[in-house]
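Trainee: I am new to this structure and would like to go through it slowly, one question at a time. Could we begin with the terms and then turn to the details?

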Amino acid sequence: MGLRYRELNDWKPFKKAVVSTQSTGSLNENEKEKSEENLFLSWIIVFSNRMVKITEELIRKRAEHNEGILSNLKEVTLHQFDIEKIENLAQLCRHLEILFLQCNLISKIENLSKLKELQYLNLAINNIQRIENLEGCESLNKLDLTCNFISDLLSVESLKGNFNLKELYLVGNPCAQFKDYRKFVVGTLTQLEVLDGTEISRTERLEALQELPDIIKRIEREIKGLGDKNSDSFTPDERLKVYKELQEKRDQKSEPDKKSQESQNSETSNNGSTTANNNKVTETDKIRGMNQGKWEFALTESENGDALLLDLAVGKFLDTSLISLDVQPLYVKIVIKNSVFQLPLPEEVCPDKGNAKRSQMTGNLLVSMPKAKQSVLKKAPTVTQNKQQTGQMENSKVVSIKDIVKKKPPEWSPQLLTPYATTQHNETKKPESTESIDDSEVPPLE
């Protein structure tokens with residue numbers, strides 16, 4: 001509603017509007033006043049407690065599969081949030097292709113014309129009374145309006161400009177009770193291929209186009225004949241009543257859950273105080289393993305062997321806010337939707353130095369727990385090891401000339417030549433002359 005009043009007297013105009021929608025039949029004046037007052041108060045409770053808005057925080061929470069990024073978000077599911085108004089979607093995520101808004105309290109289709117890439121819109125089980133404001137959704141291919149309160153069948157004509165619309169669902173609406181409802185929709189929306197889950201044949205379309213002018217006249221007469229007559233058992237008010245009753249049942253069921261959760265919190269707080277005093281759980285304490293959710297898990301060591309790694313398959317689309325993690329020196333405890341997972345650890349760990357994160361691909365919960373007792377050799381090598389290492393380094397650095405040149409190199413002799421070379425030279429070599437000839441043209445040797 002978006003209105004706030006300080007006293008009940010300020011609600012009189014709205015009270016008259018509310019009571020006028022209900023039939024008070026054959027009742028006394030006192031009974032009428034009581035019934036009207038009860039009905040009025042029930043409406044106040046519904047509108048004050050059930051009002052939910054589409055905010056950026058809500059969309060980011062529902063966009064966990066896209067790492068909470070809204071600029072390139074393609075699909076978002078906002079069903080069963082009791083939303084009353086469509087807002088902020090076109091500004092925050094313009095590239096939406098699939099939008100689920102079923103099972104809410106939406107009374108009007110609005111603020112969707114800027115979603116040019118929207119292909120599938122689900123608005124089933126809401127309080128919508130008219131088809132409108134979808135002309136700007138150029139890529140709309142499938143529209144689901146099942147179980148709403150659309151009584152104006154002629155409002156279907158507003159979808160003529162949605163040339164890509166192939167599937168339309170209007171079953172469960174008052175407009176579907178008209179005699180020529182299907183022929184009118186098939187003849188009006190020539191781009192449709194499926195209506196209420198049934199394919200449209202070519203002959204059906206031709207017959208609908210031929211009879212369309214007469215069908216429109218008959219529908220207009222039926223609408224005028226109905227006037228303001230509305231069935232008491234099929235109105236948005238009745239649906240609000242049902243929501244109120246369901247909410248009361250949920251509250252009744254949640255009371256014992258809250259009590260059990262409070263008791264668990266008190267137990268954990270007590271355990272936390274005892275562990276704070278003792279600093280750690282003694283090894284003699286018996287820690288039970290639990291897996292109430294029957295999740296798959298794996299406990300391994302890191303590559304260095306310095307930490308324990310727990311991989312718990314909690315599901316890809318589980319909201320992280322529903323996970324509660326408690327790491328203790330000798331065990332780890334995880335609570336997911338009141339289901340407990342508890343695992344004893346083979347070694348003592350340091351809870352303050354651990355971390356936890358979710359996998360982007362599978363959504364698994366990854367918990368890293370560093371070991372409390374690291375291996376001494378890895379942390380600091382012993383003195384003997386240091387001496388050995390330094391000695392090896394010194395020996396490796398010392399170079400001895402005696403080791404390099406142990407023997408004198410052999411003098412050159414013709415015998416070092418290969419047999420092939422010596423034989424070749426012996427065949428071609430001429431005998432040297434014993435007499436030396438002095439040539440004046442040859443310069444002397446320096």
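Mentor: Let us begin with a term: a residue counts as buried when its relative accessible area is under 20%, as exposed when that area is over 50%, and as partly exposed in between. Please keep in mind throughout that this is a predicted model.

Trainee: With that cut-off in hand, what percentage of the 446 residues of the protein count as buried?

Mentor: The residues to look for are those with a relative accessible area under 20%. Taken over the 446 residues of the protein, the share that counts as buried is 30%.

Trainee: How many helices and strands are there in the protein, and what part of the exposed area do carbon and sulfur atoms supply?

Mentor: The protein has 11 helices together with 15 strands. Its exposed area comes to about 30,500 Å², and the part of this area that carbon and sulfur atoms supply is 50%.

Trainee: Which residues touch the most other members of the largest nonpolar core?

Mentor: In soluble globular proteins, nonpolar side chains tend to be buried together. Here the largest nonpolar core has 51 residues, and the elements that give two or more residues to this core are α3 (56-62), α4 (89-92), α5 (181-188) and α6 (202-226). Another core, of 18 residues, lies apart from it, with Trp-295, Val-314, Ile-323 and Val-327 among its members. Within the core of 51 residues, those that touch the most other members are Leu-89, Leu-112 and Val-185.

Trainee: Which residues is Leu-89 in contact with, leaving aside its neighbours within four places in sequence?

Mentor: Leu-89 is one of the residues that touch the most other members of the largest core, and its list of contacts leaves aside the neighbours within four places in sequence. What remains is Ile-54, Ile-59, Leu-78, Arg-94, Leu-96, Leu-99, Leu-112 and Leu-115.

Trainee: Turning to charged side chains, which residue forms a salt bridge with Lys-74 at 3.8 Å between the closest N and O atoms?

Mentor: A search of the whole structure finds nine salt bridges, and one network of them links Lys-74, Glu-97 and Glu-117. Lys-74 is partly exposed, because its relative accessible area is 39%, and its partner at 3.8 Å also counts as partly exposed, at 27% relative accessibility. Lys-74 lies in the loop between α3 and β1 (75-77), while the partner lies 43 residues apart, in the loop between β2 (98-100) and β3 (120-122). The residue that forms this salt bridge with Lys-74 is Glu-117.

Trainee: Which helices are tied together by the salt bridge of Glu-204 and Arg-182?

Mentor: The side chains of Glu-204 and Arg-182 meet in a salt bridge of 2.6 Å, N to O. Because these two residues lie in separate elements, the pair ties together parts that are 22 residues apart in sequence. The elements are helix α6, which holds Glu-204, and helix α5, which holds Arg-182.

Trainee: Is Lys-183, which forms a salt bridge with Glu-211, buried or partly exposed?

Mentor: The closest N and O atoms of Glu-211 and Lys-183 are 3.1 Å apart, and the pair ties together parts 28 residues apart in sequence, because Glu-211 lies in helix α6 and Lys-183 in helix α5. Glu-211 has a relative accessible area of 29%, so this residue is partly exposed. Lys-183 has a relative accessible area of 32%, which means that this residue, too, is partly exposed.

Trainee: What is the nearest side chain of opposite charge to Asp-144?

Mentor: Asp-144 lies in strand β4 (residues 142-144) and is buried, yet has no salt bridge. Not counting residues up to four places away in sequence, Asp-144 touches Tyr-120, Leu-121, Asn-122, Leu-123, Ala-124 and Tyr-169. The nearest side chain of opposite charge, 6.1 Å away, belongs to Lys-142.

Trainee: Which strands are the edge strands of the open sheet in the order β8-β13-β12-β11?

Mentor: This sheet has four strands with antiparallel pairing. Within the sheet, five bridges join β11 (residues 323-327) to β12 (residues 331-336), and a hairpin connects β11 to β12 through three residues. An edge strand pairs on one side only, and the two edge strands are β8 (290-291) and β11.

Trainee: Finally, which residue in β15 stands opposite Asn-355?

Mentor: Strands β14 (residues 355-358) and β15 (residues 365-370) run antiparallel and are joined by four bridges. They form a hairpin with six residues between them, where Gly-363 in the turn has a positive phi of about 80 degrees. Opposite Asn-355, in β15, stands Ser-368.

Terms used:
Residues are numbered from 1 along each chain as its sequence is written. This is a predicted model: local features need pLDDT of at least 70, side-chain atom pairs count only at pLDDT 80 or more; totals for chains, interfaces and linings use all residues. Side-chain values use heavy atoms; hydrogens and water are left out. Two strands pair if DSSP finds at least two bridges between them. A nonpolar core is a set of buried Ala, Val, Leu, Ile, Met, Phe, Trp, Tyr and Cys residues joined through side-chain atoms within 4.5 Å. Buried means under 20% relative accessible area, exposed over 50%, partly exposed in between (1.4 Å probe, protein chains only). Contact means heavy atoms within 4.5 Å. A salt bridge is a side-chain nitrogen of Lys or Arg within 4 Å of a carboxyl oxygen of Asp or Glu. Lys and Arg count as positive and Asp and Glu as negative; His and the chain ends are not counted. Accessible areas come from the Shrake-Rupley method with a 1.4 Å probe; for residues, only the protein chains shown count as cover.
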